[in-house]
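Colleague: I am new to this one. Could you take me through it step by step?

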Amino acid sequence: MHGKSWSPDAIDTKVPSVARMYDYLLGGDDNYQSDREACGQLLKQAPSSRVLAVNNRRFLQRVVRTLADDYGIRQFVDHGSGLPTQNNVHQIAQAVDPDSRVVYVDNDPIVLAHGRALLEENDRTAVIQADMRDTEGILGHEETVRLIDFDRPVAALFVSVLHCIPDEDDPAGLVRRVAERLAPGSFLVVCQLVSDRPEIRSFVTDFMAEATGGHWGRVREEHEVTEFFRGLHILEPGLVEVSTWRPDTELAPVQQTDEWIEWGGVGRLV
């Protein structure tokens, strides 16, 4: 890790993790040599990956601000939250209303360690270590129960994480299970990596599965992601490449290549 010697025994530094690779692509320093080497190989085949990661993070920030500002959402459950960076979900939501509640969920132990250190003085925010497929365990966790009132609207976030879920674990079913637990007026935010090029889908899927020790699902196609929104009212501008979802500036970095994109949007339970 750049300039850091902290390496808890629970972390295998030789095996890349999706959270730490994402951190590296965003310019963070909570990553190891294995993560950086994996990103280097990925960038050779998908050179837009760094810009894609930045635009995906900006999408998350715009969505949270929009839901808090325009729709009055004060509760967020962020599945596969990744490592803390600047302008995290709780910072954006609590800037709108200091009483906003946020639960971060990730299965990477380094996320738990860094997240808890960041939030130890913020009693309206929690980080729990869990597999995001464990809906009952997450929603029934003591920290979730402490912070989230499921009789009121909640925003459940699945931002750039469902490509980590293999088909046999039914990512669309996962989204539906969460939706079934939410009150009317709640929102689901979903985006994932897609490509219309079979060779890119095949390479990235195989490469990431091998690099992460099987902690990967599949790069999908747009029509497959549409299934995640079945039964939801999709907010304008619909399901799109995420940098075009209600942009607040024209200065966002532009992907110079389109071998893959982050694609999705926001659905509302009615």
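Modeller: We shall go from the whole chain to its empty spaces, then to one helix and one tryptophan.

Modeller: This is a predicted model, in which local features need pLDDT of at least 70 and side-chain atom pairs count only at pLDDT 80 or more, while totals for chains, interfaces and linings use all residues. Residues are numbered from 1 along each chain as its sequence is written, and side-chain values use heavy atoms, with hydrogens and water left out.

Colleague: How many helices and strands does the protein chain have?

Modeller: The chain has 10 helices and eight strands. These are DSSP runs, numbered from the N terminus: helices are H or I with at least four residues, strands are E with at least two.

Colleague: And why does the chain count as compact?

Modeller: Its radius of gyration is 17 Å, close to the 18 Å of the globule rule for 270 residues, so the chain is as compact as a globular protein of that length. The radius is taken over C-alpha atoms, and the rule is 2.2 Å times the number of residues to the power 0.38. Along the principal axes, the C-alpha atoms fill a box of roughly 45 × 40 × 40 Å.

Colleague: What percentage of the residues is buried?

Modeller: Of the 270 residues, 54% count as buried, meaning under 20% relative accessible area with a 1.4 Å probe, protein chains only.

Colleague: Turning to empty space, what is the volume of the largest pocket?

Modeller: About 980 Å³. A pocket is an open set of points on a 1 Å grid over the protein atoms alone, with protein on both sides within 12 Å along at least five of seven lines; a cavity is a set where a 1.4 Å probe fits but cannot get out, and lining residues have an atom within 4 Å of a point. Grid points are joined across faces, edges and corners, and a volume is the space filled by probe spheres set on the points.

Colleague: Which residues are closest to the centre of that largest pocket?

Modeller: Of its 48 lining residues, Ser17, Val18, Ala19, Asn107 and Cys164 are the closest to the centre. Two or more lining residues come from each of α1 (18-25), α3 (49-71), β2 (101-106) and α9 (198-211). The lining divides into 27 nonpolar, 12 polar and nine charged residues. Here Ala, Val, Leu, Ile, Met, Phe, Trp, Tyr, Cys and Pro count as nonpolar, Asp, Glu, Lys and Arg as charged, and the others, Gly among them, as polar.

Colleague: How many cavities of 30 Å³ or more are there?

Modeller: One, with a space of about 100 Å³. Its lining has 15 residues, with Gly82, Leu83, Pro84, Asn88 and Tyr104 nearest the centre. Helix α5 (109-119) and α3 each give two or more residues to this lining, and α5 has the largest share, four residues.

Colleague: Which residues of helix α4 are buried?

Modeller: In α4 (residues 89-96), they are Val89, His90, Ile92, Ala93 and Gln94. These buried residues pack against α3, β1 (75-79), β2, α5, β3 (125-129) and β4 (155-159).

Colleague: Last topic: is tryptophan 245 buried or exposed?

Modeller: Tryptophan 245 counts as buried because its relative accessibility is 0%. Its place is in the loop between β7 (240-241) and β8 (261-268).

Colleague: What is tryptophan 245 in contact with?

Modeller: Leaving aside neighbours within four places in sequence, its contacts (heavy atoms within 4.5 Å) include Phe59, Arg62, Val63, Thr66, Glu236 and Val266. The C-alpha atoms of tryptophan 245 and valine 63 are separated by 8.5 Å, although the two are 182 residues apart along the chain.

Terms used
Buried < 20%, exposed > 50% of the residue type's maximum accessible area, 1.4 Å probe, protein only.
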